[in-house]
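Hi,

Here is the structure I said I would pass on. Have a look at it first, and my notes follow underneath.

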Amino acid sequence: MSAPAQHRIIFKHIDEPGYTNDIECYLRHGGYEVLRKSVTRKPEELIDEVKKSGLRGRGGAGFPCGVKWGLVDRKSGKPIYLIVNADESEPGTFKDRYIMHQDPHQLIEGTIISCFANNVKQAYIYIRGEMPEGARILERAIAEARSRNFVGPNILGTGYSCEIYVHRGAGAYICGEETGLIESLEGKRANPRIKPPYFPAVLGLYQCPTIVNNVETLCQVKYIADVGGEAYAKIGTPGNTGTRIFCVSGHVQRPGYYEFPAGTITMGQLLNDVCGGPLPGRTFKAVIPGGSSAKVLKFGERYKGKRKVGADMVDYDWGVEDVPMDFDSLAMIGSMGGSGGVIVMDDTVNMVEALANINAFYSHESCGQCTPCREGSLWMKKISSRMVHGDARPQDGALLKSVADQIPGRTICAFGEACSWPTQSFITKFKDEFDSYSEVKKTLPADRRVLV
Amino acid sequence: MIQPAKPDLVTVNIDGKEIAVPKGTNVIEAARLVNVDVPHYCYHPKLAVVGNCRMCLIEMGMPAVDPATKAPVIDPATGKQKINWIPRPQIGCGTTVSPGLHVKTTSPMVKDAREGVMEFLLINHPLDCPICDQAGECKLQEQATGYGRGYSRFIEQKNVKPKRTQLGPRVTLDDERCVLCSRCIRFSRDVAKEDVLGFVDRGSYSTLTCHPDKKLDHNYSLNTVDICPVGALTSTDFRFKMRVWFLKQTNSICTESSVGVNSVVWSREGVIYRITPRRNDEVNDTWMPDSGRVLYKQVQSADRLTSDIVLDNIASKAANLLNELSGAIAVVGSGRSSVEEQFLTRKLAAALAAPVSLVSRTAQGDKLLISADRNPNVRGALVTGLVSALPSAQLTSLAADIDAGKVKAIVSIGEDLTAAGLTAAQLAKVSVVYFGTHANATSAAAKVVVPTVTVFEKSGTFINQQFRIQKFIQAVPALAGAHNDLAALAKVITAVSGATVPAELGTLWPLIAAEVPALATMLYKNIPETGLLLDATPWAGLPFVEAQTLHFKPATV
């Protein structure tokens, strides 16, 4: 079965020759027409459209956007804030950056529509510190949109006013966690907050109800406001509606971004048909399906169980290639769709070294607030770095796994899971490589590339 | 008396024990009520909850109800309502009770979580207990015995961080021992209102430090040492002076101001080594100013008054002098004397038919635990009837009486009369009997000096600004050659009048209870550790100087 055709909604104009990121170009392509249409509707209607669409957040967790908006405390009398989470930092993920660099007005239009739907008067785009260019582009785009009365006071003469501000992070992965982001936006260290009681929908930015949505999610909202929730829900598969953007990196012939209706393409189709398969003379070894914190999948392993198709439960028996690329199927086989960052590793990769790299990242990015993640992530990094650069012991794999097992479920935020899942899955699935690494190391060429 | 409103109670089940606790209580406090200890580092009852140490993880569940009918789901095996246990552990500090909440603190999941956190906390810890000043009162040490592995699986290099950093004049920091609980940061920011501490760097390299160009030098800095659960923050004054397990703890009251901060005096073999706050939720919570902690140094100071003469001889010398000048005597009492001493001062004044004045001592309050009235017990003088009006700082009318020749002898209870406005010339005109602890101009000019003892060398009570009577207990033996104030006063009363009065708290209190209406219902031994609030209405109209402090609002006059 060959792969279905790409269905570009969000990435419609990305890398399109002649398409520029200024407002004239956007307007020529029908820009801000959806906003004009939306502000004539009742805000509740727009929320209903999003609920009907079944849109799931594109930041990584896949939380239903309509439910998130439904949780917002609208009775407190406090202002409601909307924050655009543009702190795209998950290794392997590069979709939001393309949107902001090449089609920033799509994000601004989606943001203003979402603000209008939720009666938000002030929105912030929290952009990753390492993306200064994106911040400049957004600043300019907001100024352009303001000059055309799409942003600012009395938008399009409706009496509705909304400001958007760009806030640059200072280069910390943890600011992608929504409560850490809020702390950072408030000018503090990005230590995630405890939930309860600090659910952003109730006690978010400045202790006011706050919606935090990913860049791509808000662009999807713009599309939903255009075509309607029911039409949107027909794209993709039930429970996994709309399109998903896959950022494929690593050992494939054609790495890059690809947008498909969610759940309509399998991992095998994506990697072999769309991305051109493994590099010449190589074979696929492992793939991380949803950003580096997702659990790794090993080529050759089988996933069996029962799944719901319509009203029936049917048996499934999948290899990695057979897994549909949607939130639920990937969760079912013990990994996650996450942010859509697909990292492919072929048979030249040593899994101990790959894990050492991932562990170095997470130990560097742990905020340090709560004990298991703070100490565990660095301990894991010290072990895996020692294995690669110093003495590897046969028992190190088991030790790594045991350390990793002490972290998830015991931390303030999901970073605990993010930093421990790679170790847990790498060692569970490639145990022999870890156990034998001390021997394998002796055979490695001395001039091999050294890890960070 | 007005009954406090009964708080809404919520019934919870902790390790199988049912208990009703006030709404809003968290699981750690609820568990404490059934004598279940939930170990923790970052949680402190008087600070904001941050939930970062993850030591207090517990297993929790709620009674199951049918989602459609809301009817309880009964477990057929037990015949009781089924409990839906949450599959991942929750923090006890951040979990407030709700009706029917079930908590397990000893389940395998909880044990596993605690052991994991404990191991993590120790991997980068220097494990230098033998040379650590916190040893003996270290939570890390305590909980390592309960949840520690007993050996280390950590063979990597430990993190290196700054040692012996002087955060301020009184606090020393060892960052390698810090568990990053952030109690000190929250205390400085939220209680002391001096936001000077913070973390720099990330992850396990996070390091506690002062903000740039700031010092931890506010007058509450030593509280960070008290609340530091490990040996990271230590008192520069106390460190390496004495192992805490050698020290005896005695409850006391700080005499710094009329707040009456509850304190503990730590001593060994008659020597005091430090003073720390004692929790009293109605007075000082768990805090104490730094300035009150050094007051013990007056016990050993070089200018202490002592005498080789036995007390009986001193008393008869004083009596001879006073009886000669009968009819021209004035008594200067003290707002620093205990209630009992003030009661006997009143007896002495009555025996001498002498008028009594008091010296006030005021300064700016700090709105927290130092009030404007720097006498600890002015209200005691009012309650015992020693005086009926608030004192002033200067003894102007006494000075006028001396100049007019009406006063020829003064009994001063620890008050330096020159500091209170008498000139050297006026002092030279009168015969002074001075009861006091330390040498000053008045003791030098006095005809008779009765060396007495400091608050640490005696027991008694003070009445603080709230009209709360609080007791302090003798921590160390009296200095040789100094006499307990009560004994000294009683001897002089007897020598002057021939009447005997009790000189010990046990025998004196029945007399106080009989004669002082406000204290009629109590005895020294019955006063609870956190004090007893008196009815202040008889003195409601007086213009007290105190402004608002923690747990105190001045009555609107």
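What share of the 452 residues in chain A is buried? The answer is 56%. Before you read on, please keep in mind that this is a predicted model, and everything below is computed from it.

Let me stay with chain A for a bit. I count 19 helices and 13 strands there. Its radius of gyration is 22 Å, close to the 22 Å that the globule rule gives for 452 residues, so chain A is as compact as a globular protein of that length. If you want a box for the C-alpha atoms of chain A, take roughly 75 × 50 × 45 Å along the principal axes. As for contacts in chain A between residues at least 6 apart in sequence, 72% of them link residues at least 24 apart.

You may want to check the omegas in one loop of chain A. Between α8 (178–185) and α9 (200–203) sits A:Pro196, and the peptide bond leading into it from A:Lys195 is cis, with omega near -5°. The bond from A:Pro196 on to A:Pro197 is cis too, with omega near 5°. A:Pro197 is also placed in the loop between α8 and α9 of chain A.

Now to where the chains meet. The contact takes 27 residues from chain A and 25 residues from chain B. On the chain B side, helix α2 (residues 108–123) gives the most, with six residues. Sorted by class, that side of chain B has 12 nonpolar, eight polar and five charged residues.

Over in chain B, helix α10 (residues 396–403) has a nice pattern: B:Leu398, B:Asp401 and B:Ile402 are buried. Why do they end up on the same side of α10(B)? Because they cover an arc of only 100° around the axis. In general, an α-helix has 3.6 residues a turn, so residues three or four places apart point the same way. The cover over the buried residues of α10(B) includes β15 (329–332), β16 (356–357) and α11 (424–429) of chain B. Just after the helix, B:Gly405 adopts a positive phi of about 80°.

Two residues other than glycine in chain B also have positive phi, and their surroundings are worth setting side by side:

- B:Lys193 has phi near 55° and belongs to the loop between α4 (183–191) and β9 (197–200) of chain B. With 11 other C-beta atoms within 10 Å, B:Lys193 is exposed.
- B:Asp285 has a phi of about 50° and belongs to the loop between β14 (271–277) and α6 (290–293) of chain B. With 21 other C-beta atoms within 10 Å, B:Asp285 is buried.

One last residue, in helix α7 (residues 311–324) of chain B: B:Asn313. Is B:Asn313 buried or exposed? It counts as exposed, because it has 12 C-beta neighbours inside 10 Å, and 12 or fewer is the cut-off for that class. For a distance to try in your viewer, the C-alpha atoms of B:Asn313 and B:Pro108 are separated by 72 Å, and the two residues are 205 apart along the chain.

That is what I have for now. Shout if anything is unclear.

Cheers

How values were computed. Residues are numbered from 1 along each chain as its sequence is written. Chains are lettered from A and ligands numbered from 1 in the order in which they are written. This is a predicted model: local features need pLDDT of at least 70, side-chain atom pairs count only at pLDDT 80 or more; totals for chains, interfaces and linings use all residues. A residue is buried if 20 or more other C-beta atoms lie within 10 Å of its own, exposed if 12 or fewer, and partly exposed in between; C-beta atoms are placed from the backbone. Helices (H or I, at least four residues) and strands (E, at least two) are DSSP runs, numbered from the N terminus. The arc is that of the directions from the helix axis to the C-beta atoms. Two residues are in contact if their C-beta atoms, placed from the backbone, lie within 7 Å. Ala, Val, Leu, Ile, Met, Phe, Trp, Tyr, Cys and Pro count as nonpolar, Asp, Glu, Lys and Arg as charged, and the others, Gly among them, as polar. The radius of gyration is taken over C-alpha atoms; the globule rule is 2.2 Å times the number of residues to the power 0.38.
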